[in-house]
Amino acid sequence: MPRVGISLGDVSGIGPEVTALALARPAVRRALVPVVFGDGPTLEGFPLFRRFPRVSLEELGRTTGPAVVEVTRLAQKHRVPGKPSREGGKAQYAYVRAAIDAMRAGSVDALCTAPVSKEEISRAGIPFMGHTEVLADAFGVDVLMMMDGPRVRIALATNHVPISALPKLLTVDKLVAQLQLLSRSLEPVVGRKPRIAVLGLNPHAGEGGMLGREEVEVIGPAIRRARSKRVDAHGPIPADGLFARPDEVGAKYDVVLAMYHDQGLIPAKALDFERTVNVTLGLPVPRTSPDHGTAYAIAGTGTASCVPMMEALLKAARLSRGPGAGASPGPRRPPAGR
């Protein structure tokens, strides 16, 4: 079975409990071997994790079974459900970095990340825009965030950026590279060149330039260049028109490339919140995540559903078994200096 690394996320959120609940499911136990990167005292509060051997990062490569890598030992006041802290902010980032080290060492076959708080990590003094950006920098590759749901797949041309920055961030070269990455990553999954729907940026896809020039000057030319490189891309398509009949989207297209965060995530979450999995395309090792946040309001109450985490774990295990979405290296670029 594939060995899946799991970063615990914010211990004051629902990450620890949904991870424990998901790993207790028979379907998950049959699909993967878990390695949890997290906080020792927090994990000791769950009977399941007390049975896992504690190992160091160095020892991890010499073991094969389930394991816990104890990255922190937080004081009680820094791991209270529903009450995030700066120490907890530092800790959740440390779990991700430890998991990245294990990925580099070949000690895990895939990574599944429990929810973190960008705000709390930033409050701890660590610049952090999201898992996707950290992983791209760590491996020196260009990546794509894709929401992989049972009814539709939606990738994002831009991630966690202000709307005001979009016109400068969307370039022909960038979109062509992303369309090539989407095509290359999904071809082994669908068994042919995937059909890609490319959304416009402006209302009604710009109305021929009347409502914005991005479709005319950037998105349209990028689609034409990608098609010349044997990418089956179509558009620009108005987002409201495409998603007006959601059941037809998945039948007609294998994936949609949205131009910005909310344009893609709103339909993805509305169509199937619990079973949609966040997949990072372009990494040398597959990475997945549930499509929800830390949910501080219900942390520790026992009411959080583990279905999203279970789906993310199962997706990570499936992707690690062979080529496909999330397993195809992206275009190389210089790694971040850290």
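Two strands pair if DSSP finds at least two bridges between them, with strands (E, at least two residues) and helices (H or I, at least four) being DSSP runs numbered from the N terminus. This is a predicted model, so to speak straight from a predictor: local features need pLDDT of at least 70 and side-chain atom pairs count only at pLDDT 80 or more, while totals for chains, interfaces and linings use all residues. Residues are numbered from 1 along each chain as its sequence is written, and side-chain values use heavy atoms, leaving out hydrogens and water.

**View 1. Strand 5 and strand 6 run side by side in opposite directions.** Strand 5 covers residues 144-148 and strand 6 covers residues 153-156. The two run antiparallel, and four bridges hold the pairing together in the DSSP count. Want one bridge to look for? Pick Met147, whose bridge partner in strand 6 is Ile154.

**View 2. Zoom out, and strands 5 and 6 turn out to belong to an open sheet of 11 strands.** Read across the sheet, the order goes 3-2-1-4-11-10-5-6-9-7-8, and the pairing is mixed. Strand 3 (67-72) and strand 8 (233-237) sit at the edges, each pairing on one side only. From one strand to the next, the twist averages 25 degrees; angles here run from 0 to 180 degrees between N-to-C directions, and axes are lines fitted to C-alpha atoms, for helices over the stretch in contact.

**View 3. Helix 6 lies across four strands of the model.** Helix 6 takes in residues 86-105, and the strands it lies across are strand 1 (3-7), strand 2 (33-39), strand 3 and strand 4 (110-113). Relative to strand 2, helix 6 runs at about 140 degrees.

**View 4. Helix 6 also packs against helix 8.** Helix 8 is the run of residues 131-139; its axis and that of helix 6 are 11 Å apart, at an angle of about 40 degrees. The two helices are therefore oblique to each other (under 35 degrees is roughly parallel, over 145 roughly antiparallel, 65 to 115 roughly perpendicular, and the rest oblique). Tyr93, Val96, Arg97, Ile100, Met103 and Arg104 of helix 6 make the contact with His131, Val134, Leu135, Ala138 and Phe139 of helix 8 (contact means heavy atoms within 4.5 Å). Sorted by class, that contact of helix 6 with helix 8 has eight nonpolar, one polar and two charged residues; Ala, Val, Leu, Ile, Met, Phe, Trp, Tyr, Cys and Pro count as nonpolar, Asp, Glu, Lys and Arg as charged, and the others, Gly among them, as polar.

**View 5. Helix 10 meets helix 11.** The axes of helix 10 (residues 172-190) and helix 11 (residues 214-228) come within 8 Å and cross at roughly 40 degrees, so this pair is oblique too. On the helix 10 side you'll find Val172, Asp173, Leu175, Val176 and Leu179. Facing them from helix 11 are Glu217, Val218, Ile219, Pro221, Ala222, Ile223, Arg225 and Ala226. The class split for helix 10 with helix 11 is 10 nonpolar, no polar and three charged.

**View 6. Helix 1 packs on helix 15.** Helix 1 (residues 15-23) and helix 15 (residues 307-320) have axes 8 Å apart, at an angle of about 60 degrees, and are therefore oblique to each other. Val18, Thr19, Ala22 and Leu23 of helix 1 touch Met309, Met310 and Leu313 of helix 15. The contact of helix 1 with helix 15 counts six nonpolar, one polar and no charged residues.

**View 7. Two backbone oddities deserve a close-up.** Most residues other than glycine have a negative phi, and most peptide bonds are trans. Ala205, in the loop between strand 7 (196-199) and helix 11, has a positive phi near 50 degrees. The bond from Gly235 to Pro236 is cis, with omega near 0 degrees, and Pro236 is found in strand 8.

**View 8. Arg321 sits in the segment after helix 15.** Not counting residues up to four places away in sequence, Arg321 touches Pro2 and Ala31. From Phe52, 269 residues apart along the chain, Arg321 is separated by 24 Å between C-alpha atoms. As for confidence (pLDDT, the predictor's score for each residue, from 0 to 100), the protein averages 92, with 95% of the residues at 70 or above. Over residues 323-338 the pLDDT stays under 50, and the model has 55 contacts for them beyond four places in sequence.
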